[in-house]
Amino acid sequence: MSIFRNAYEALQDTCFIWRQEMQQVVKDEGMIIFFIVVPLLYPILYSWIYNNETVREVPVAVVDQSHTGLSRQFIRMCDASPDVRVAYYAQDMEEAKKLVSRQLVKGIYYIPTDFESNINRMQQGIISVYVDMGLMLSYKALYQTAQMVSLQMNTEIQGKLGGHYTKREEVISARPLDYADVPLYNPQGGYGSFILPGVLMLILQQTLVLGIGLSAGTARENNRYKQLIPISRHYHGMFRIVFGKALCYFMIYAVMGAWLVVGVPRLFHFPQLAEWQPLLAMMFPYTLACIFFGITMSCMVKYRENVMLLMVFISVPLLFLSGLSWPLSNIPSYWQGVSWVFPSTFGVRAYVKLNSMGATLDDITLEYSILWLHAIIYFLLACLVYRYQIKRAEQDAHERLVMMREKKSQIKKATAD
């Protein structure tokens, strides 16, 4: 009977802590912002900004020193492309640079005086492309457009110089090996489909850690644990505290997580190749790992503001360390080891492989196993953190009790005298 009684008390304590934490979430405006408002609105704002996927009609200045038929053909073909718009014709490079400095154009096409004459002499014609590197998407549009127009003009020039009798012979001579350009896993070739799925998974971790840290900072500022532990028996078990808090956060992020990984991609038409079963199997350990990671990190939060300074600072480095926006092979091994500490590293990789690349659960065995390992390790660390806090709070309560007794005895002694 004692076993059933202990189990019943443990369940009661877990439900009590869950209820207390849920009430704290509802009453605290900061936690409502991080747990509900940010996961709901921030992905929409971020996805809406990049909803066009690619930039179009990027303005460019042209410095045409050749003034020949071939140079005008190059300019016309660039202007006819969907990505580039010839906005200005500059007399020289100095005038074009001024246009770039005033942000009227994003780049310069420079055609030298000997452009056509070199081609007529069977030499290589050179066109210089200068691009403002402040925005990589503009660089991509201007450079790739110039490259594709050059390839097309090369094909035409080779056909004319080949001395062929038919059009088919010209095509085969200019392009003997044909190919089809098919962008894998990103059919639109856009920034949103490429980077935003990983950002959504990072938002899940960061908002969870921010909300949990905010709760811990509030508790320490109010001295809540030191007041409750001597009074209530519910806060004596570290497993009960961790399970009660984790249950509260998991219930909230079961909804928020579904919105982030299913609702937002469907709303903005991002690639969605995953079935719900492997997606659910991956999200379950990832959410648990983020929760226990947040509880463990909350031990470092003394004031409410500390967690925001800590987590917001590392958000961009975590995105790079995930291997999504920067090739994993180019990340030093030291930093790769640092990235293993964070659940988002493997959560981002697993989600992108499942949802954007059409992988199966067997294909993400490594990431899936490490997410479960993270959940177990951070659960144990969270229990150790609360065990330390419970012992420290009980010690402080005992010291206060001794001090109160000493003061009471001193008062009685003074009254008797």
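## Glu-57 and His-269: positive phi in loops

In this predicted model, Glu-57 is partly exposed, because its relative accessible area of 37% lies between the limits of 20% for buried and 50% for exposed. The residue is found in the loop between helix H2 (29-49) and strand E1 (58-64), and its phi is near 55 degrees, a positive value in a residue other than glycine. Most residues other than glycine have a negative phi.

A positive phi, of about 60 degrees, also occurs at His-269, which is not a glycine either. His-269 sits in the loop between helix H10 (238-267) and helix H11 (276-297). With a relative accessibility of 64%, His-269 counts as exposed, because that value is over the 50% limit.

## The second largest pocket

The second largest pocket has a volume of about 480 Å³, and its lining consists of 19 residues, of which Ile-119, Gln-124, Gly-125, Ser-150 and Asn-154 lie nearest the centre of the pocket. Sorted by residue class, the lining of this pocket comprises 12 nonpolar and 7 polar residues, with no charged residue present.

Which helices each supply at least two residues of this lining? They are helix H5 (115-120) and helix H6 (136-161), and H6 gives the most to the lining, with 9 residues.

## Cysteines

How many disulfides does the structure hold? The count is 0, where a disulfide is understood as a covalent bond between the sulfur atoms of two cysteines.

Two cysteines may be described by their accessibility. Cys-15 is partly exposed, because its relative accessibility of 33% falls between the 20% and 50% limits, whereas Cys-290 is buried, since its relative accessibility of 0% is under 20%.

## The chain as a whole

The secondary structure of the chain comes to 16 helices and 4 strands, among them the helices H2 and H10 and the strand E1 that border the loops of Glu-57 and His-269. Of the contacts in the chain with a separation of 6 or more, 80% are accounted for by residues 24 or more positions apart.

The chain has 417 residues, and buried residues make up 42% of them. The area that the chain exposes is about 23700 Å², of which 62% is supplied by carbon and sulfur atoms.

Definitions and conventions: Residues are numbered from 1 along each chain as its sequence is written. This is a predicted model: local features need pLDDT of at least 70, side-chain atom pairs count only at pLDDT 80 or more; totals for chains, interfaces and linings use all residues. Side-chain values use heavy atoms; hydrogens and water are left out. A disulfide is a pair of cysteine sulfur atoms within 2.5 Å. Buried means under 20% relative accessible area, exposed over 50%, partly exposed in between (1.4 Å probe, protein chains only). Contact means heavy atoms within 4.5 Å. Accessible areas come from the Shrake-Rupley method with a 1.4 Å probe; for residues, only the protein chains shown count as cover. On a 1 Å grid over the protein atoms alone, a cavity is a set of points where a 1.4 Å probe fits but cannot get out, and a pocket is an open set with protein on both sides within 12 Å along at least five of seven lines; lining residues have an atom within 4 Å of a point. Grid points are joined across faces, edges and corners, and a volume is the space filled by probe spheres set on the points. Ala, Val, Leu, Ile, Met, Phe, Trp, Tyr, Cys and Pro count as nonpolar, Asp, Glu, Lys and Arg as charged, and the others, Gly among them, as polar.
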